[in-house]
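Me: I'm new to this structure and would like a close look at one part of it. Could you walk me through the spot that the record marks as a binding site, and then show me a little of what lies elsewhere in the chain?

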Amino acid sequence: MSLHKLRLAAVPITFSSRLFFLKPFPNTLTLGLFSRHLQPHKPLLVRAFSASAAVEDIPATQASDSSARPQWKAAIDFKWIRDNKEAVEINIKNRNSNANLEAVLELYENMVNLQKEVEQLREERNNVAKKMKGKLEPSQRETLVEEGKNLKESLVTLEEDLVKLKDELQHVAQSIPNMTHPDVPVGGEDSSAIRKEVGSPREFSFPIKDHLQLGKDLDLIDFDSAAEVSGSKFFYLKNEAVLLEMALLNWTLSQVMKQGFTPLTTPEIVRSAIVEKCGFQPRGDNTQVYSIDGTDQCLIGTAEIPVGGIHMDSILLESVLPLKYIAFSHCFRTEAGAAGAATKGLYRVHQFNKAEMFVICRPEDSESFHQELIQIEEDLFTSLGLHFKTLDMATADLGAPAYRKFDVEAWMPGLGRFGEISSASNCTDYQSRRLGIRYRPSEPPQTGPKKGKANLPATKFVHTLNATACAIPRMMVCLLENYQQEDGAVVIPEPLRPFMGGIELIKPKLK
């Protein structure tokens with residue numbers, strides 16, 4: 001996912017008549033992505049990015065101009081970040097993030113000081129207004145009128161400066177990633193820990209083919225025509241491959257719905273702000289997002305984005321939680337920067353179909369739902385007879401929203417390696433505090449002299465989780481390559497046969 005970069009100059013930032021000097025920092029400020037998980041006995045690690053206690057609203061912006069007014073706001077607890085600077089700094093380093101914590105803290109200190117000046121001027125203005133109500137000599141009233149006028153002008157200037165400073169702070173602070181689950185391995189992808197391994201590689205007694213050759217020989221996949229029509233990394237599915245795609249989706253939906261998930265289809269064009277609020281960057285040289293020129297809209301790269309937006313800016317009743325969705329959508333990705341043999345064929349394409357699980361829950365339940373999601377994935381892939389391993393992904397391999405992420409990699413014999421087919425992430429409240437999804441605890445109203453809303457329990461941000469149930473192209477790779485036969489046929493796994501009209505074997509076509 002792309003990182004939108006902004007450099008700090010070693011010069012003063014001017015707001016109206018005021019100068020705020022920023023020290024030159026070596027780091028590049030980055031609007032990035034996150035990924036990790038919440039643990040009840042480690043509340044310290046997530047509080048800065050939650051809606052608890054005193055919170056400052058922080059918007060992010062898709063514009064590269066840092067002076068542009070942010071279009072939306074997210075809650076970040078700057079005081080917590082300041083008080084826990086060391087923990088945040090270590091987290092930024094472990095996640096290989098370009099976030100500039102020093103810049104954030106300096107802007108925050110400037111904002112706090114300016115806020116005090118504004119409040120002081122407001123108090124002085126109010127005092128002058130009170131004096132004006134009394135019996136005064138003309139000269140005294142004239143003096144107070146002039147003083148009030150000067151205070152008003154100064155206050156307008158300071159308030160404008162404060163708005164700009166808050167916008168700058170909010171813009172820069174978006175680079176700070178979510179905190180990280182304490183059990184996550186520290187390091188790059190090679191440091192990721194194997195959580196579980198299922199099955200073993202199939203032994204073949206004949207020369208094996210990769211899915212490209214199988215797709216061509218069985219007349220299932222046409223890359224050449226798609227390249228002429230749409231460009232590279234597009235494809236046509238044909239004949240039994242179409243039935244296999246439908247079977248995979250319908251079987252997956254039926255299995256996941258048994259676990260209490262509500263099926264959805266989603267819009268596949270969304271506003272850029274929704275993409276940003278979910279933690280993806282829709283602009284930049286290496287973005288994975290297709291943007292529609294002349295609009296504020298994008299094509300989705302995953303159903304996680306439109307599903308996350310369903311309950312945007314809402315307060316849910318605790319009694320309706322958890323909300324569990326299984327969403328089908330087409331997905332579109334630029335795959336910027338992807339190249340080499342590891343990306344050939346169906347493994348990395350611009351357009352594909354996918355079923356995505358999405359959970360909205362109470363904060364204290366997100367850890368257990370993360371385990372439920374990865375268990376559902378493992379059960380699905382075990383039922384299809386795949387050899388796979390589940391990885392607890394290391395810190396540097398996490399995107400900005402996730403607190404913890406599990407990846408599933410399946411054996412692809414034709415490619416001669418494991419390939420990622422699924423992931424499951426707990427984003428804690430990173431997305432919900434941007435999307436504005438809260439819930440009101442089902443606590444008895446407090447008794448007291450106040451009536452109405454003041455007696456209701458305070459709202460809290462929900463936690464969100466997402467997990468891939470079935471990404472069609474990579475599942476096709478696994479099934480074609482693992483179930484190929486010596487005569488060139490491919491066996492259909494037993495669970496899928498009822499969804500393919502009883503077809504058990506994809507046979508070579510008669511020439």
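Reply: Let's start with Thr302, which counts as buried because its relative accessibility is 5%, under the 20% cut-off for that label. Keep in mind that you're looking at a predicted model. Thr302 sits in a loop, with β12 (297-299) on one side and α9 (304-309) on the other.

Why pick that residue? According to UniProt, in an unreviewed entry, the feature "binding site" falls at Thr302, Arg333, Glu356 and Asn466. Now look at what surrounds Thr302 in the model. Setting aside residues up to four places away in sequence, Thr302 touches Phe280, Ser329, Cys331, Arg333, Lys354 and Glu356. Arg333 and Glu356 are in that list, and both are also among the positions that UniProt names.

So hop over to Glu356, which is buried too, with a relative accessible area of 3%. Glu356 belongs to strand β15, residues 351-361. Its contacts, again leaving out neighbours within four places in sequence, are Thr302, Ala303, Glu304, Tyr325, Ile326, Ala327, Asn466, Ala467, Thr468 and Ala469. Asn466 turns up there, and it is another of the annotated positions. There's a polar contact to find as well: the side chain of Glu356 pairs with the side chain of Lys354 at 2.6 Å. Lys354 is one of the residues that Thr302 touches.

Further along the chain you'll meet helix α10, residues 366-383. Its 18 residues reach 26 Å from the first C-alpha to the last, close to the 26 Å expected at 1.5 Å a residue. The helix has a set of buried residues, including Phe369, Leu373, Ile376, Leu380 and Phe381. Some charged names are on that buried list as well, among them Glu367, Glu377 and Glu378. After α10 comes Gly385, with a positive phi near 75°.

For a stop earlier in the sequence, try Ala99, in the loop between α2 (85-94) and α3 (101-132). Ala99 is buried, at a relative accessible area of 3%. Ala99 and Glu89 are ten residues apart in sequence, and their C-alpha atoms are 9.1 Å apart.

How far can you trust the picture? The average pLDDT over the chain is 84, and 83% of the residues score at least 70. Residues 1-67 are another matter: the pLDDT there is below 50, though the model gives this stretch 252 contacts beyond near neighbours in sequence. Where pLDDT is low, predicted coordinates should not be read in detail.

Notes:
Residues are numbered from 1 along each chain as its sequence is written. This is a predicted model: local features need pLDDT of at least 70, side-chain atom pairs count only at pLDDT 80 or more; totals for chains, interfaces and linings use all residues. Side-chain values use heavy atoms; hydrogens and water are left out. UniProt positions are given in the numbering used here, feature names are shortened, and annotations may be inferred rather than shown by experiment. Helices (H or I, at least four residues) and strands (E, at least two) are DSSP runs, numbered from the N terminus. Buried means under 20% relative accessible area, exposed over 50%, partly exposed in between (1.4 Å probe, protein chains only). Contact means heavy atoms within 4.5 Å. A polar contact is a pair of N or O atoms within 3.5 Å; within protein, one must be able to donate a hydrogen and the other to accept it, and residues adjacent in sequence count only if both atoms are side-chain atoms. The expected span of a helix is 1.5 Å times one less than its number of residues. pLDDT is the predictor's confidence in each residue, from 0 to 100.
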